[in-house]
Amino acid sequence: MEKSDIDAVSAICLASFSQSVAGTLSDEGIATFSKIAASSAFFDRMKGDNVMFVAEH
């Protein structure tokens with residue numbers, strides 16, 4: 001994943017989560033995942049020298 005991909009990856013993660021898992025979680029769980037999958041969180045992890053891979057189908 002490149003820096004230019006962050007917004008799209010975040011949107012895909014959040015949409016997938018909302019459609020598949022969110023309905024089984026508490027409001028707190030949804031808020032926690034939303035923070036983890038936010039564009040800013042992905043960017044912060046990239047700045048921390050974390051390698052990120054995204055699978056394309």
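Let me start with confidence: the protein chain averages a pLDDT of 89, and 95% of the residues score at least 70. Please keep in mind throughout that what we are looking at is a predicted model. If we go element by element, the mean pLDDT is highest in helix H2, residues 27-36, at 96, and lowest in helix H3, residues 39-47, where the mean is still given as 90.

Turning to the overall layout, the chain contains three helices and zero strands, so that, reading from the N terminus, the order of elements is simply α-α-α. Taken along the principal axes, the C-alpha atoms fill a box of roughly 30 × 25 × 15 Å. Of the 57 residues in the chain, 18% are buried. As for the contacts with a separation of 6 or more, 59% of them join residues that lie 24 or more positions apart in the chain.

Next, the packing of the helices. Two packed helices are described by the angle between their axes and the distance between those axes. For helix H1, residues 6-20, and helix H2, the axes come within 10 Å and cross at roughly 160 degrees. Because angles over 145 degrees count as roughly antiparallel, H1 and H2 are to be described as roughly antiparallel to each other. The crossing in which H1 passes H2 is right-handed. If you would like to find this pair on the structure, look on the H1 side for Cys-13, Leu-14 and Phe-17, which meet Ile-30, Phe-33 and Ser-34 on the H2 side.

That brings me to helix H3 and to the charged side chains. How many salt bridges does the model contain? By the rule applied here, the count comes to one, and the partners are Lys-47 and Asp-44, whose closest N and O atoms are 3.7 Å apart. Since the cut-off for that pair of atoms is 4 Å, the distance of 3.7 Å between Lys-47 and Asp-44 qualifies. Where do these two residues sit relative to one another along helix H3? They are three residues apart, and therefore separated by about one helical turn.

One may also ask whether Lys-47 is buried or exposed. With a relative accessibility of 58%, Lys-47 counts as exposed, while its partner Asp-44, at 46%, counts as partly exposed.

To gather this up, I would keep two items in view: the roughly antiparallel pair of H1 and H2, and the salt bridge between Lys-47 and Asp-44 within helix H3.

Notes. Residues are numbered from 1 along each chain as its sequence is written. This is a predicted model: local features need pLDDT of at least 70, side-chain atom pairs count only at pLDDT 80 or more; totals for chains, interfaces and linings use all residues. Side-chain values use heavy atoms; hydrogens and water are left out. pLDDT is the predictor's confidence in each residue, from 0 to 100. Helices (H or I, at least four residues) and strands (E, at least two) are DSSP runs, numbered from the N terminus. Buried means under 20% relative accessible area, exposed over 50%, partly exposed in between (1.4 Å probe, protein chains only). Axes are lines fitted to C-alpha atoms, for helices over the stretch in contact, and angles run from 0 to 180 degrees between N-to-C directions. Angles under 35 degrees count as roughly parallel, over 145 as roughly antiparallel, 65 to 115 as roughly perpendicular and the rest as oblique. A crossing is left-handed if the near helix is turned anticlockwise from the far one by less than a right angle, and right-handed if clockwise. Contact means heavy atoms within 4.5 Å.
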